[in-house]
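Me: I'd like to go through this one and ask how each label was earned. Can you take me through it?

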Amino acid sequence: MSQSTPVALEKSVPPDAPLLSVQNLQVEFSTSAGVVRALDGVSFDVRRGETIAILGESGSGKSVTAQAIMALLPRPAGSIVGGSIRYADRDLVTLPAKDVRRLCGTEIAMIFQDPLSSLNPVFRVGWQIAEPFRRRLGIDKRQALAKALELLDRVGIPDAERRIRDYPHQFSGGQRQRIMIAMAIALEPKLLIADEPTTALDVTVQSQVMKLLANLQAETGMGMILISHDLGVVADVAKRAAIMYAGRIVEAGTIREVYDHPAHPYTRGLLESIPSTTVIGERLTPIPGGPPNLLALPTGCAFHPRCPHAIDRCRDEIPQLRRPDGWEPTHVAACFRSEEVLAHD
Ligand SMILES: Nc1ncnc2c1ncn2[C@@H]1O[C@H](COP(=O)(O)OP(=O)(O)OP(=O)(O)O)[C@@H](O)[C@H]1O
Ligand SMILES: [Mg+2]
């Protein structure tokens with residue numbers, strides 16, 4: 001492939017085709033204790049202008065999914081051992097990693113959880129935002145700084161003209177996350193992956209940053225993958241949700257389907273453990289037990305030891321995603337007991 005082959009996105013993706021299509025993705029890590037299968041058959045699509053939330057407890061495989069898409073799996077321990085990741089007309093699994101990374105500098109962008117560790121403390125913020133413009137677009141320093149200023153304004157940093165000369169530590173946590181968002185959208189990506197973009201922030205700032213992401217997405221029409229362990233945070237922004245457990249998607253559907261009629265006991269458990277912002281002194285019900293050790297997964301459904309609905313079959317057989325009769329066409333769950341779980345509504 002030539003150095004500068006552009007992805008002719010407008011031509012290669014029909015308007016209604018997915019921008020990104022992940023199919024049966026499998027990722028393994030070699031560790032001193034054995035091989036960990038961190039992703040086991042993950043599939044989902046993202047269309048233009050659409051936000052999909054990937055949700056689940058710690059260790060369920062959310063970040064590994066993002067790392068696999070962006071060719072950021074730690075080498076040599078982590079590798080994709082099966083499946084495909086189609087972006088536009090290419091399979092990112094078979095594309096050389098350096099080509100994926102080039103694509104990821106421009107077409108696909110990522111926002112990481114911790115803005116302080118992603119910003120360089122010794123460079124002024126304006127310069128850090130301007131640098132990719134200079135490098136990628138070949139424009140001069142003054143033009144690049146003007147663009148940086150425009151972006152800081154756009155993500156709601158007050159007094160941007162003065163602040164452009166400040167260093168990262170002079171900004172609050174919420175402002176640093178806005179700066180990271182500015183850097184991520186600088187080259188107008190077609191797809192934005194945000195991995196726990198608000199976890200380090202307090203609740204009010206969280207919702208401001210989420211609103212900013214939703215507005216930017218509406219303006220630019222980019223596709224977005226929003227990763228979170230907090231189902232409450234993403235509900236207003238995402239249209240669809242995929243719930244992960246032990247490296248698999250165990251439930252997926254529109255936000256309303258999944259939140260209003262959870263069909264997997266794990267999703268139900270996650271929803272019951274979200275604190276509401278309005279009820280004082282409410283009792284939350286955490287899911288008993290903790291996420292499984294991927295080196296010693298339970299037999300059958302990996303969730304069965306923690307599941308109030310488990311029956312013998314759940315110990316013996318791994319349930320696949322299915323859509324029982326009468327469900328909404330987009331709603332699927334990997335549970336033998338979904339009908340009973342739904343009957344509890
Ligand atoms: N570098 C690594 N080496 C070995 N195993 C790893 C590595 N990174 C991830 N894993 C395995 O993959 C699993 C999923 O990790 P991942 O980072 O995707 O979790 P997550 O869903 O993003 O959790 P969190 O909410 O804590 O960020 C981990 O539980 C771990 O078993
Ligand atoms: Mg993570």
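Reply: Sure. Let's start with the ligand: α2 gives the largest share of the shell around ligand 1, three residues. Keep in mind that this is a predicted model.

Me: Which elements supply at least two residues of that shell around ligand 1?

Reply: β1 (20-31), β2 (34-46) and α2 (62-69) each do. In total, 15 residues surround ligand 1, and the closest are S58, G59, K62, S63 and V64. By type, the shell divides into six nonpolar, six polar and three charged residues.

Me: What makes the approach of S58 to ligand 1 a polar contact?

Reply: The cut-off is a pair of N or O atoms within 3.5 Å. An N or O atom in the S58 side chain is 2.5 Å from an oxygen atom of ligand 1, so the pair qualifies. S63 also uses a polar side-chain atom, 2.9 Å from an oxygen of the ligand. V64 works through its backbone instead: a polar atom there is 2.8 Å from an oxygen atom of ligand 1.

Me: How much of ligand 1 does the protein cover?

Reply: It covers 67% of the 640 Å² of accessible area that ligand 1 has on its own.

Me: On to the backbone. What is the peptide bond from R75 to P76, cis or trans?

Reply: It's cis, as omega is near 0°. P76 sits in the loop between α2 and β4 (78-87). As background, most peptide bonds are trans.

Me: What stands out about the phi of A71?

Reply: Phi of A71 is near 55°, a positive value in a residue that isn't glycine. Most residues other than glycine have a negative phi. A71 is in the loop between α2 and β4.

Me: Why is A71 called buried?

Reply: Buried means under 20% relative accessible area. A71 has 19%, so the label applies.

Me: And what about A88, why does that residue count as buried?

Reply: A88 has 13% relative accessibility, which is under 20%, so A88 is buried. Its phi is positive too, near 50°, and A88 is found in the loop between β4 and β5 (90-91).

Me: Which way do the side chains of strand β6 point?

Reply: In β6 (residues 108-111), I108 and M110 point one way, while A109 and I111 point the other way. All of them are buried. That fits the general pattern: in a regular strand the side chains alternate between the two faces of the sheet.

Me: How do you know that β6 and β7 pair?

Reply: Two strands pair if DSSP finds at least two bridges between them. β6 and β7 (residues 191-195) have four, in the parallel sense, so they pair. Within β7, L191 stands opposite I108.

Me: Last topic, aromatics. How many aromatic pairs does the structure hold?

Reply: Four. One of them is Y245 with F303.

Me: Why is the pair of Y245 and F303 called edge-to-face?

Reply: Ring centres within 6.5 Å make a pair, and planes over 60 degrees apart make it edge-to-face. For Y245 and F303 the centres are 5.2 Å apart and the planes are at 85°, so both conditions hold. The pair links distant parts of the chain: Y245 is in strand β9 (residues 240-245) and F303 in the loop between α12 (265-272) and α13 (312-316), 58 residues apart.

Me: Are Y245 and F303 buried or exposed, and which residues form a cluster with them?

Reply: Both are buried. Y266 joins Y245 and F303 in one aromatic cluster.

Terms used: Residues are numbered from 1 along each chain as its sequence is written. Chains are lettered from A and ligands numbered from 1 in the order in which they are written. This is a predicted model: local features need pLDDT of at least 70, side-chain atom pairs count only at pLDDT 80 or more; totals for chains, interfaces and linings use all residues. Side-chain values use heavy atoms; hydrogens and water are left out. A residue is near a molecule or strand if one of its heavy atoms lies within 4 Å of it. A polar contact is a pair of N or O atoms within 3.5 Å; within protein, one must be able to donate a hydrogen and the other to accept it, and residues adjacent in sequence count only if both atoms are side-chain atoms. Accessible areas come from the Shrake-Rupley method with a 1.4 Å probe; for residues, only the protein chains shown count as cover. Ala, Val, Leu, Ile, Met, Phe, Trp, Tyr, Cys and Pro count as nonpolar, Asp, Glu, Lys and Arg as charged, and the others, Gly among them, as polar. Buried means under 20% relative accessible area, exposed over 50%, partly exposed in between (1.4 Å probe, protein chains only). Rings of Phe, Tyr and Trp (its six-membered ring) pair if their centres lie within 6.5 Å; planes under 30 degrees apart count as stacked, over 60 as edge-to-face and the rest as tilted.
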